[in-house]
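User: I should like to go through the classifications assigned in this structure and hear the reasoning behind each one.

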Amino acid sequence: MELKYIQQIAVELSLSIKQIISVSELHKEGSTIPFISRYRKEATGNLDEVQVGHVIDKIKYYDELEKRKDTVIKTIEAAGKLTPELKQRIDNSIDATELEDIYLPYKPKRKTKATVAMEKGLEPLAKILFDQKPLDVEAEASKYVNESGLLPGVKDINEALQGARDIIAEWISENENARNIVRKLFQSEAKLSSRVLTSKKEEEDAQKYRDYFEFSEQLGKSPSHRILAIRRGEKEGFLIMDISVNKETANEELKRVFLKESNSTSPHIAQAIEDCFYRLLKPSIETEFRMASKTRADEEAIRVFAENLRQLLLASPLGQKRVMALDPGFRTGCKVVCLDESGMFLNYTTIFPHAPQNDWQGATLTLKELVAKYDIQAIGYGNGTASKETDQLVRNIDFGKPVSIFMVNESGASIYSASEVAREEFPDYDVTVRGSVSIGRRLLDPLSELVKIDAKSIGVGQYQHDVNQTKLKESLDQVVQSCVNYVGVDVNTASKHLLMYVSGLNATVAKNIVEYRTKNGSFKTREELKKVSMLGPKAFEQCAGFLRIPGARHPLDNSAVHPESYHVVEAMVAKANTTLRELIQHAEIRKQIKAKEFVTETIGQFTIEDILKELEKPGRDPRSPIEEFRFADGISTMSDLKPGMKVPGIVTNITNFGAFVDVG
C-alpha cells in the first residue's frame with residue numbers, strides 16, 4: 001500500500017504510521033483480527049479488535065480506490081484525453097467522491113439532451129454563449145439553423161439556443177466547483193421529507209408508515225431507524241421520499257460563480273444554470289446523499305445488531321450439567337428432551353399440561369420420573385407460546401432435590417430445527433425434537449449452539465432486512481469469530497460449526513479436526529493438531545492459542561498462552577526455581593516474577609503481562625456465572641402492570657428507538 005494512503009489512514013484513525021503498517025502487513029500475511037489483537041500487541045501498539053478492524057476496513061477502502069483509479073485512467077487514456085496534469089490529479093486523489101468528480105467529464109455518456117445538441121453541431125454556439133462576451137445572440141444562433149429542412153438539424157433559432165443551453169447545463173453539472181457548491185448546501189441544510197401516495201393512504205398495510213405520511217426534518221439529524229423506515233415505505237410503494245435543498249439558494253450560489261457578465265448572453269446562462277440544478281445537479285447530488293445516508297443508516301443498524309449479538313453470544317453458560325429442555329405449547333403440547341452434561345440426546349417425550357387437554361397431573365408425573373431417571377440438575381423452557389404457564393408448572397413440582405429452572409430465549413430455534421445442520425445432527429428426529437434440543441443446549445452453552453444459526457435469524461437487531469446484506473453478514477461473522485476466540489474452544493468437544501469460527505480455521509479444516517478426533521480419540525496436546533489434514537503451519541499459528549485441551553499433558557495447552565510463548569513461561573519457572581504447576585497454583589510465586597526481566601526483541605511487555613494474567617486462571621471462561629431468574633407473580637397481561645411498579649425483566653433487544661424488555 002502506498003505511503004499516502006497509510007498516512008491518510010493514520011490521520012483518520014489517530015494512529016501512528018507504524019501501527020498502520022504493522023496491521024497491514026499482518027493482515028496481508030493471513031493473520032486474523034482476533035490473532036492480531038491478542039498475540040501481536042507489540043507490533044500494533046496494543047490495538048484492540050475494534051481498532052484493528054477499522055484499520056483493515058480502511059485498507060480495503062483504499063485498495064478499492066486504487067483499482068478504480070486504474071479503470072478511470074485506462075478509460076480516459078483510451079479516449080485520447082489523458083494529460084500528465086490530469087493523471088497526476090487522479091493519482092493524488094484520496095477520496096472516492098473527488099475521483100468520480102474528476103472522471104465525470106470524461107465518462108462515456110448515454111444519450112442526453114446535450115449530446116443530441118452536440119450531434120446537431122451546436123457546441124460552438126454553446127462555447128460562444130458561455131464566454132459571455134457582448135454579441136447579438138439571435139444573429140449568432142441563426143447561423144446554426146438548417147432552413148432547407150432537407151437534413152436533420154436545427155429548425156429555428158429557439159431550438160438552436162435551447163440546444164446550446166442544454167450543453168452549457170451539462171458542462172456546469174460536470175464542473176467540480178459546481179458539484180461542490182451544491183454538495184456543501186446538501187451537507188449543511190438538506191431536508192429529508194416523505195409523503196404518502198394518495199392512492200395508498202387508506203390501505204391497511206400503509207398505516208405502519210402513518211408517522212411519515214407528511215414528514216420532514218434535517219437529513220443530518222435523522223437517525224438510522226427513521227431513514228430505513230422511510231426507505232422501506234418507499235420500496236413497498238406507500239411513500240415518496242425526497243432529499244432537497246432550497247433551489248433559490250442553490251441557483252444564487254451557482255450564478256455567483258458561473259454568471260460572470262451582465263449582457264445579452266446573461267439570460268441564457270441564468271436559464272442554463274437553473275435547468276442544470278433542477279434537471280442534473282439536484283438529482284445527481286441527491287442520489288449521492290441518498291446513498292451516503294443509507295450507508296450511514298446501515299452502519300448504525302449493523303452496529304446495533306452486532307452489539308446485541310455479542311451480548312447474546314456471550315450470555316452466561318450453565319456449564320456441564322444434565323438438563324431437561326421444554327419447548328412450551330398449548331394444543332400440540334410441550335416437547336420435552338433430556339440431555340447429558342455435554343448436550344448429548346438422552347430422551348424425548350411430549351406432555352399436555354395446558355388447554356385444551358389440561359393434563360397437569362400426568363405432565364407432573366412424567367417430569368418427576370424423567371428428572372429422577374436421568375439425574376436432571378436444571379430445567380430450561382423456551383420463552384415462546386405458553387412459557388408463562390410452563391414456568392408455573394415446573395416451579396410447582398417437588399422433584400425431591402434442588403433443580404434450577406431457567407427461561408431460555410428460543411429465537412431462531414425453529415430456524416435451526418429445519419436446517420441442514422440439525423438434520424445432520426438428528427437425522428432420525430423431526431423438527432420438534434431438534435428445536436427442544438436447541439433450547440437445552442443454549443442453556444448449557446449459548447455460544448456453542450447459536451453459532452449453528454444464521455445470525456440474522458436470531459432477531460436482535462433493527463431493520464436487519466433493509467441494510468446491505470453483504471456488510472451485515474461480514475459484520476456478524478466478525479462478531480461471532482470475535483466471541484468464539486474471546487471465550488476459547490475445547491477442541492475435544494466442539495462441533496465443526498463452532499470450530500470453523502476459530503482464528504485460522506475454515507469449514508473444511510474444522511470438519512477434518514472432528515474427523516481426526518473421531519478416528520484417533522481426544523487430542524492430548526496442541527502439537528497433535530499439526531497432524532490434522534490441511535492444518536498447516538500458518539493455520540496452527542493462528543488457531544493454537546484459542547483452542548483448549550482440558551487435562552492436557554502440558555498445562556498450558558488448556559490456556560490462552562500461545563505455544564510460541566511457552567519458552568517464556570519455562571524461563572519464569574526456572575527463574576522462580578519451581579515447577580509449572582506450582583507457578584500456576586501459587587499466587588505468591590507469580591508475584592515474585594518481574595515482567596521486565598523477560599522482555600526480549602520478540603516478546604514485549606504486553607505479552608508478558610497477558611501471560612501472567614493467564615497463569616492466574618488458565619483456560620478460565622471469561623463469561624459471568626449464570627443466575628437463576630424469576631418473573632414477578634401475578635403479571636399475566638399488560639393490564640396487570642400499574643404505574644410505579646418495579647418488576648424484574650429480561651432485556652431481549654436494544655435498538656436506537658428503545659429497548660424490548662420481557663416482564664413475563
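Analyst: The exchange below takes up ring pairs, salt bridges, accessibility and contacts in turn; the model is a predicted one.

User: Why is the pair of Tyr-5 and Tyr-62 called stacked?

Analyst: The ring centres of Tyr-5 and Tyr-62 are 5.1 Å apart and the planes make an angle of 25 degrees. Centres within 6.5 Å qualify as a pair, and planes under 30 degrees apart count as stacked, so both criteria are met. By this rule the count comes to 14 aromatic pairs.

User: Where in the chain do Tyr-5 and Tyr-62 lie, and are they buried or exposed?

Analyst: Tyr-5 belongs to helix α1 (residues 3-13) and Tyr-62 to helix α5 (residues 49-78); with their positions 57 residues apart, the pair links distant parts of the chain. Tyr-5 and Tyr-62 are both buried. Ring pairs also bring in Tyr-61, giving a cluster of Tyr-5, Tyr-61 and Tyr-62.

User: What makes the pair of Tyr-212 and Phe-215 edge-to-face?

Analyst: The planes of Tyr-212 and Phe-215 stand at 80 degrees, with the ring centres 5.3 Å apart. An angle over 60 degrees counts as edge-to-face, and the distance is within 6.5 Å, so the label follows. Both Tyr-212 and Phe-215 are buried.

User: How do you know that the charged end of Lys-530 sits close enough to the ring of Phe-540 to be placed over it?

Analyst: The charged end of Lys-530 is 4.7 Å from the centre of the Phe-540 ring. The limit on that distance is 6 Å, so the distance criterion is satisfied. The charge is accordingly listed as sitting over the ring of Phe-540.

User: What makes the contact between Arg-290 and Glu-234 a salt bridge?

Analyst: The closest N and O atoms of Arg-290 and Glu-234 are 2.9 Å apart. A salt bridge requires a distance within 4 Å, so the pair qualifies. Arg-290 lies in helix α15 (residues 266-313) and Glu-234 in helix α13 (residues 224-235), 56 residues apart, and the pair links distant parts of the chain. A search of the whole structure finds 48 salt bridges.

User: Why is Arg-290 called buried, and why is Glu-234 called partly exposed?

Analyst: Arg-290 has a relative accessible area of 19%, and buried means under 20%, so Arg-290 is buried. Glu-234 has a value of 26%; this lies between 20% and 50%, so Glu-234 is partly exposed.

User: Which salt bridge joins Lys-282 to another residue of helix α15?

Analyst: Lys-282 meets Glu-286 in a salt bridge with an N to O distance of 2.9 Å. Both residues lie in helix α15, 4 residues apart, about one turn of the helix. Lys-282 and Glu-286 are each buried.

User: How do you know that the salt bridge of Arg-623 and Asp-445 ties together separate parts of the sequence?

Analyst: The closest N and O atoms of Arg-623 and Asp-445 are 2.8 Å apart, forming a salt bridge. Arg-623 is in the loop between α29 and β11 (650-655), and Asp-445 is in the loop between α20 (431-444) and α21 (446-450); the pair therefore ties together parts that are 178 residues apart in sequence. Both Arg-623 and Asp-445 are buried. Elsewhere, salt bridges with shared partners join Glu-234, Asp-242, Lys-282, Glu-286 and Arg-290 into one network.

User: Why does Thr-349 count as partly exposed?

Analyst: The relative accessibility of Thr-349 is 23%, which falls between 20% and 50%, so Thr-349 counts as partly exposed. Thr-349 is located in strand β6 (residues 345-351). Beyond neighbours within four places in sequence, Thr-349 is in contact with Cys-334, Lys-335, Val-336, Thr-366 and Leu-370.

User: What makes Ile-17 eligible for a nonpolar surface patch?

Analyst: Ile-17 has a relative accessible area of 34%, and patch residues need over 30%, so Ile-17 passes that cut-off. Leu-3, Ile-17 and Ile-21 form the patch, with about 220 Å² of accessible area together. Ile-17 is in helix α2 (residues 17-28).

User: Why is Glu-515 called partly exposed?

Analyst: Glu-515 has a relative accessible area of 42%, between the bounds of 20% and 50%, so the term partly exposed applies. Glu-515 lies in helix α24 (residues 507-520).

Terms used
Residues numbered from 1 in each chain as written. Predicted model: local features only at pLDDT ≥ 70, side-chain atom pairs only at ≥ 80, totals over all residues. Heavy atoms only, no water. Phe/Tyr/Trp six-rings, centres within 6.5 Å; stacked < 30°, edge-to-face > 60°. Helix = DSSP H or I, 4+ residues; strand = E, 2+ residues; numbered from the N terminus. Buried < 20%, exposed > 50% of the residue type's maximum accessible area, 1.4 Å probe, protein only. Lys NZ or Arg CZ within 6 Å of the ring centre and 35° of its normal. Contact = heavy atoms within 4.5 Å. Patch = residues over 30% accessible without salt bridge, like charges linked within 9 Å, V, L, I, M, F, W, Y side chains within 5 Å. Areas by Shrake-Rupley, 256 points an atom, 1.4 Å probe, with all protein chains shown as cover. Salt bridge = Lys/Arg side-chain N within 4 Å of Asp/Glu carboxyl O.
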